[in-house]
Amino acid sequence: RDSVRAAEYAQVQRFSFANIERFSTASLITRLTNDVSSVQMTLMMGMRMLVRAPVMLITALVMALTISLQLSQVFLVVLPLLLLLVAIVIRYVGPFFTALQKSTDDLNLVVQENLNAIRVVKSFVREDREQEKFTQRSETLRRTAERAFSFVVLFVPLVTLIMGGTIMSIMWLGGRYVVGGTMLSGDLIAFFTYASEILMSLMMLSMVFLQSSRARASLKRITEVLDTVVDLNDDQAARKELRVEKGSVEFKDVSFGYGKGGDRVLEHISFKAEPGQTIGIIGATGSGKTSLVQLIPRLYDVTEGAVLVDGVDVRDYSLKNLRNGVGMVLQKNVLFSGTIEENLRWGDEDASREELVKAAVNAQADGFVTAFKNGYHTEIGQGGAGVSGGQKQRLCIARALLKLSLIHI
């Protein structure tokens, strides 16, 4: 379980933004948790049964055949009936389990959006609407689960009915053989014992196959993540060992659009920023400013043209070396749960205390940080809870400055 989850998480870390957008964050969380747990549960229960049940079945069947070949013909009717029943259930229940996992994704999406945007929800007094959305998704999940598990509920009594019918058939036929003198009563009792073992092993195998139908749906979703081709990688990098030294940036006739065949956000952009030069990019909302900046560390790849850093196409760098040479403060400031110092050390985990404080001073963050009771050891919550928007922004700037200082030391 842990190996699968670790492999899936490692793959998600390699994903580009386009890969993540294909699945959605909520779906990836479900695939990392609920789907992996479903497969784990099936393996834990199924592996024991798959070892025990065949041994019981074969051993008991051989002994039953040894006692009475004629009476054992009852199993020629039972086995096809059980196989047919299992095949029908698996055939129809599989799509329902896939839909069940999809409904779980949708429910997680509502919860995630609501919690991430709780301030907006409360500011616009939309609690009732969000509650309604949650109720709708929860109801959809309930209905889907009922449809999926109704097959399971129906399966058990049908198997019990078949097992009961088998026992009655053995009693009727075996009784006739005993009365006719072709079978001893002691052999019939022994046959009953072996027949019970056979039926129990068949019941166990049937339940394994039934449980595996849900596990297959989850395994398919896990495999989709693991088999996804990451569209941003180092495979074509011609100079993987190269590092960013000076920091000049040049756009050469760059055009860019999100997704294949999508509308162009940027068209034929050309400019050059020399090391140490400050350039401001001004434009209306939606004009592509953020998109342009994201092309420098290859968060996305250009559609046409080329972005050069130190005169080298960014696609020729390894992603690690390129991004180590780029410090970014995004439009949406993101901090992580932990102390202020731990957040700043995202820029350089080996930085000295003096370098850390200097970066905070340059970002005008040191003043409010030292005003906290625990200073740089102050705990902040998920997403930067506990600090204001402006303070969060200055901490992100300090983090970026600390990262850039590593280049020049």
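## The β3-β4 hairpin

Strands β3 and β4 make a hairpin with two residues between them, and Asp310 in the turn has a positive phi of about 55°. Helices and strands here are DSSP runs numbered from the N terminus: H or I with at least four residues for a helix, E with at least two for a strand. The two hairpin strands pair in the antiparallel sense over two bridges, and pairing is called when DSSP finds at least two bridges between two strands. Across the hairpin, Leu308 stands opposite Asp313 in β4.

A word on ground rules: this is a predicted model, so to speak of local features a pLDDT of at least 70 is needed, side-chain atom pairs count only at pLDDT 80 or more, and totals for chains, interfaces and linings use all residues. Residues are numbered from 1 along each chain as its sequence is written, and side-chain values use heavy atoms, with hydrogens and water left out.

## The rest of the sheet

The hairpin belongs to an open sheet of four strands in the order β2-β1-β3-β4, with antiparallel pairing. Its edge strands are β2 (264-273) and β4 (312-313), each of which pairs on one side only.

Strand β1 (residues 249-257) runs antiparallel to β2, and six bridges join them. Glu250 has Lys272 in β2 as its bridge partner. Towards β3, β1 is joined by five bridges, again antiparallel, and here Phe251 is partnered by Val307 in β3. In a regular strand, side chains alternate between the two faces of the sheet.

## Helix α7 and its partners

Two packed helices are described by the angle between their axes and the distance between the axes. For helix α3 (residues 25-67) and helix α7 (residues 185-226), the angle is about 155° and the axes are 6 Å apart. That makes α3 roughly antiparallel to α7. The axes are lines fitted to C-alpha atoms, for helices over the stretch in contact, with angles running from 0 to 180 degrees between N-to-C directions. As for the wording, under 35 degrees counts as roughly parallel, over 145 as roughly antiparallel, 65 to 115 as roughly perpendicular, and the rest as oblique. The crossing of α3 past α7 is left-handed, a label used if the near helix is turned anticlockwise from the far one by less than a right angle, with right-handed if clockwise. By class, the α3 contact with α7 has 28 nonpolar, 10 polar and eight charged residues. Nonpolar covers Ala, Val, Leu, Ile, Met, Phe, Trp, Tyr, Cys and Pro; charged covers Asp, Glu, Lys and Arg; the others, Gly among them, are polar.

Helices α6 and α7 pack at about 165°, with 11 Å between their axes. They are therefore roughly antiparallel to each other. This time the crossing is right-handed, and the contact of α6 with α7 has 19 nonpolar, six polar and one charged residues.

## Two residues in α6

Thr166 sits in helix α6 (residues 127-180). Is Thr166 buried or exposed? Its relative accessible area is 3%, so Thr166 is buried; the cut-offs are under 20% for buried, over 50% for exposed and partly exposed in between (1.4 Å probe, protein chains only). Not counting residues up to four places away in sequence, Thr166 touches Val74, Phe75, Val78 and Leu199, where contact means heavy atoms within 4.5 Å.

Met163 also lies in α6 and is buried, at 18% relative accessible area. With the sequence neighbours up to four places away left out, Met163 touches Leu199, Met200 and Met203. From Met163 to Val51 there are 112 residues in sequence and 22 Å in space, C-alpha to C-alpha.

## Loop residues

Thr228 is in the loop between α7 and β1 and is buried, with a relative accessible area of 9%. What does Thr228 touch, not counting residues up to four places away in sequence? The list is Gln11, Phe15, Asn19, Arg22 and Phe23. Phe15 is 213 residues from Thr228 along the chain, yet their C-alpha atoms are separated by 8.7 Å.

Arg298 is not a glycine but has a positive phi of about 60°. Arg298 lies in the loop between α8 (289-294) and β3 (304-309), and at 4% relative accessibility counts as buried. Gln364, not a glycine either, has a positive phi of about 60° as well. This residue lies in the loop between α11 (353-362) and α12 (366-371), and Gln364 is exposed, with a relative accessible area of 60%.
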